[in-house]
Amino acid sequence: MASRRTFLGLATGATAAAAAAFRDDGLDRVLAASRSAEGTPPEALAADESYWREIQQAFTVNRSYVNLNNGGVCPSPRVVQEAMKRYLDLANEAPVYTMWQLLEPQVESVRRGLAREFGCDPEEMAITRNASEGLEAVQLGLELKPGDEVLTTTHDYPRMLTTWRQRERRDGIVLKTISFPFPPPSLDALAERFEAALTPRTKVILVCHMTNLTGQIFPVKRICRMARERGIETIVDGAHAFAHFPFTHADLDCDYYGTSLHKWLFAPHGTGFLYVRRSKIAKVWPLMAAEKKQDEDIRKFEEIGTHPAANHNAIAEALVFHHGIGIERKAARLRYLRDRWMKRLQGQPRVRIHTSFDPAMSCGIGNVQLEGVDIQKLGRHLFDTRRIIVVPIQHDEFEGLRVTPCVYTTTDEIDRFAEAMEQVVRNGLPA
Ligand SMILES: Cc1ncc(COP(=O)(O)O)c(C=O)c1O
């Protein structure tokens, strides 16, 4: 294994200029590491610490924290932060010109880049500020009549459920939620639950591509096919799926897909996208009003008034960084890190793992409960004693800690979490 000094590429007595160059060239090093790893299968590379050390150094995170909540919102790598700062500075020179006229039109390159990544036409790709904005545009913008039913799950995201509940109060629609065992016995079992809950009044299905609670992946294509055969619209909540594991729109075939880009793409905070199947654009009202002539234009979902251009333009750099690693490698590493702690804790007394180990059903997100241990107190204990950041989740059906490592997470950080959990397994929480 390379020593830290060799890894940094700095000779003894290296100049400050060389150190500064290292800080600035994170992307070059990622690309060089990826080139040298060409031909290594992603699963083998997932355990190659010298490769991942290069990726870790591309982030400016504070290592006094063990941040295992990257699913909430993720830090961006340095190359993205730097781009965003450059764009912000330029925007501030004379915003009416430099932001509106120079920077804003560049969002079209971002649209093309995201469309290529997702596998759709750029004219189906709206750039939003987050998943909530994109998903709510569709949830609130679809024409629904009193008595029309929307079907989703009890594990869908609270904000998306709140949106339907507001429509229940306002428009008289009916929200139906299905529950499911977690981990479920199979993907087919999940699709069958949806099928069994459909009625002639079902007009829309909202399904998470991957849930935020346990990281369960859903059989989206099968659900969408079933829905289409019955004339039902399909909205997929991809907040945790996009840029986390490999897929394109062809693997889903949904009508609408909303995601955040500040989670797994590591784009600037306040970025997301909404995909709308071209034939459906005209029928969805945007959240903020647009002119009649924009009815069929995907950009009608971007009519939000004055907003920073820097955030959405730096999505372009996040895409380059993402390609520098490669989605197969990224998914394999995230799964490897997740498995490292889940396999270690699995089988220990009182440990309940709520996430499937099946790669078709999960990736980097894991959820664990220590039976008899108060989940909020456990979360606080991990932070107070070791500065470990995880999410204590209290849901109507269960509770557990959600743990989401990132590509910058070290195996040592994972082990520190596992060790802290083992200590609580053995001794309980301090009084
Ligand atoms: C499944 C799911 N959907 C939607 C959202 C909303 O994302 P945002 O807050 O970025 O809009 C989240 C956020 O964590 C989520 O986990």
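**Exercise 1. Tyr 275 and its polar partner**

Work out which side chain joins Tyr 275 in a polar contact of 3.2 Å, and whether Tyr 275 is buried or exposed.

*Solution.* Keep in mind that you're looking at a predicted model.
- Step 1: Go to strand β8, where Tyr 275 sits.
- Step 2: Look for the polar contact. The side chain of Tyr 275 is joined to that of His 249, at 3.2 Å.
- Step 3: Check the cover. The relative accessible area of Tyr 275 is 1%, and buried means under 20%, so Tyr 275 counts as buried.
- Step 4: See what surrounds it. Setting aside neighbours within four places in sequence, Tyr 275 is in contact with residues including Phe 118, Cys 120, Cys 254 and Tyr 257.
- Step 5: Compare sequence with space. Ile 298 is 23 residues away from Tyr 275 along the chain, and their C-alpha atoms are 8.7 Å apart.

**Exercise 2. A threonine in a loop**

Find which backbone atoms the side chain of Thr 355 reaches.

*Solution.*
- Step 1: Locate Thr 355 in the loop between β9 (351-353) and β10.
- Step 2: Follow its side chain to the backbone oxygen of Thr 214, at 2.7 Å.
- Step 3: Now try the other backbone atom: the nitrogen of Asn 367, reached at 2.9 Å.
- Step 4: Ask about exposure. With a relative accessible area of 2%, Thr 355 is buried.
- Step 5: Pick out some of the company it keeps. Beyond its neighbours within four places in sequence, Thr 355 touches Pro 183, Arg 338 and Met 342, among others.

**Exercise 3. Strand β13 and its partners**

Explain why strand β13 is largely enclosed, then say which strands pair with it.

*Solution.*
- Step 1: Count the buried residues. In β13 (residues 399-403), 4 of the 5 are buried, so the rest of the structure largely encloses this strand.
- Step 2: Take β10 (residues 366-370), which pairs with β13 in the antiparallel sense over 3 bridges. Here Val 368 has Leu 401 of β13 as its bridge partner.
- Step 3: Turn to β12 (residues 391-394), which is antiparallel to β13 and joined to it by 4 bridges. Val 391 has Arg 402 of β13 as its bridge partner.
- Step 4: Trace the link from β12 to β13: a hairpin of 4 residues.

**Exercise 4. Helix α9 and the ligand**

Decide how many residues of helix α9 are buried, and which residues come closest to the ligand.

*Solution.*
- Step 1: Run along α9 (residues 131-141). You'll find 10 of its 11 residues buried, Ser 132 being one of them.
- Step 2: Ask what does the covering. The list includes β2 (125-128), α10 (158-171) and β8 (272-276).
- Step 3: Zoom in on the start of α9. A side-chain oxygen of Asn 130 comes within 3.2 Å of the backbone nitrogen of Ser 132.
- Step 4: Move to the ligand. It has 13 residues around it, the closest being Ser 132, Asp 237, Ser 260, His 262 and Lys 263.
- Step 5: Read off the polar distances to ligand oxygen atoms. They are 2.7 Å for a side-chain atom of Ser 260, 3.1 Å for one of His 240 and 3.5 Å for one of Tyr 157.
- Step 6: Finish with cover. On its own the ligand has 390 Å² of accessible area, and the protein covers 90% of that.

Conventions: Residues are numbered from 1 along each chain as its sequence is written. This is a predicted model: local features need pLDDT of at least 70, side-chain atom pairs count only at pLDDT 80 or more; totals for chains, interfaces and linings use all residues. Side-chain values use heavy atoms; hydrogens and water are left out. Buried means under 20% relative accessible area, exposed over 50%, partly exposed in between (1.4 Å probe, protein chains only). Helices (H or I, at least four residues) and strands (E, at least two) are DSSP runs, numbered from the N terminus. Two strands pair if DSSP finds at least two bridges between them. Contact means heavy atoms within 4.5 Å. A polar contact is a pair of N or O atoms within 3.5 Å; within protein, one must be able to donate a hydrogen and the other to accept it, and residues adjacent in sequence count only if both atoms are side-chain atoms. A residue is near a molecule or strand if one of its heavy atoms lies within 4 Å of it. Accessible areas come from the Shrake-Rupley method with a 1.4 Å probe; for residues, only the protein chains shown count as cover.
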